[in-house]
Amino acid sequence: MSVEMDEYLFDLRGYLMLEGAVEADHQAELNAILDTYQDLEPGEWRGWVRRSPNSKGTTRHLHQVFEMGEPFERLIDHPSWIDHITRFVGGDDGLFIDESFADIRQQTAATPLHSGAHKRRIRTQYRYHNGQFRCGQINILLALRDVGPGDGGTMVIPSSHKSNLLHPAFESGEGRGGLENVEGAVEVSYNAGDALMFVDCMAHGSAERVNDGERRILIIRYGPHWGTDRYGYQPSPELVRRLTPERRQIVQPLPPITPPNVEGEYPKREPRVAKAAVDKYKGRWEGRR
Ligand SMILES: O=C(O)CCC(=O)C(=O)O
């Protein structure tokens, strides 16, 4: 698909499906590493990885996936999505990942209906102005296994990133146990390796998983470089040290806080990764700022 068509559909619907975003051998590496974290209890840490204290029973959320090793680090600026992300978050401002986790779930698990443009939240907002996107949060949901009917696929309400009105299902409670009966919601089916990219203010959630087995997806949320981690997690010093400068810039874009009375130069904030996208789109942005 052309860049123009991707932009058109993203603006229209609030999401894009990137088919075959991650290759099979890379998926296998990610899955093999994830297998070694399956015994974590709710709230337990292993190194800098933590299973969320709230993910109990049929759901496991393993936070800080880049701490799991190099195959995960490759996802930070993965070529299948980094240009799109840079463009949709907003050109030359630079990026920050404010959450990364594996969502592993079994029968009966579902994500309730949430988000929607009616909330007008800045952190997750959709914005397009004068030829530029300025979205507050763009999510990548990467499937590490096929997700078909009955597997509890992600469900989206296309175009609800621009809605003014509250979807009635929020008040009736219909979307609480999954979005199957929510008017206007559509289920996304993924092959392993596909990545769903969407602006978080689009109303979304998932279907209830009714099949045996396990759904495995990775969720990575990108926003502007001045964001903060939702739960206060920090990258480990080891991770920061071993990342490429481009990846480090996305995981830890801001220099440490400058204390008062420090002489000399302040650290400079260079949006290094964004530069590639700025160059790529340069011709198209000129005169439109
Ligand atoms: O689990 C899913 O499929 C939906 C994920 C979700 O709700 C989110 O990323 O906010």
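Here is a quick briefing on one sheet and the helices that pack on it. The model is predicted, so local features need pLDDT of at least 70 and side-chain atom pairs count only at pLDDT 80 or more, while totals for chains, interfaces and linings use all residues. Residues are numbered from 1 along each chain as its sequence is written, and side-chain values use heavy atoms, with hydrogens and water left out.

**The sheet**
- Eight strands (DSSP E runs of at least two residues, numbered from the N terminus) make an open antiparallel sheet, ordered S1-S11-S8-S13-S5-S4-S3-S2.
- S1 (15-18) and S2 (45-46) sit at the edges, each pairing on one side only; pairing takes at least two DSSP bridges.
- S3 (residues 49-51) runs antiparallel to S4 (residues 59-63) over 2 bridges, and Arg51 stands opposite Leu62 in S4.

**Helices on the sheet**
- Helix H1 (residues 3-13; helices are DSSP H or I runs of at least four residues) touches S1, S8 (138-143) and S11 (195-199), contact meaning heavy atoms within 4.5 Å.
- H1's direction makes about 130° with that of S1 (axes fitted to C-alpha atoms, for helices over the stretch in contact; angles from 0 to 180 degrees between N-to-C directions).
- Helix H4 (residues 82-89) packs there too, touching S1, S5 (95-105), S8, S11 and S13 (215-224), at about 45° to S13.

**A closer look at H1**
- Asp6, Glu7, Leu9 and Phe10 are buried (under 20% relative accessible area; exposed is over 50%, partly exposed in between; 1.4 Å probe, protein chains only).
- Leu12, also in H1, counts as partly exposed because its relative accessibility is 41%.
- Just after H1, Gly14 has a positive phi of about 95°.
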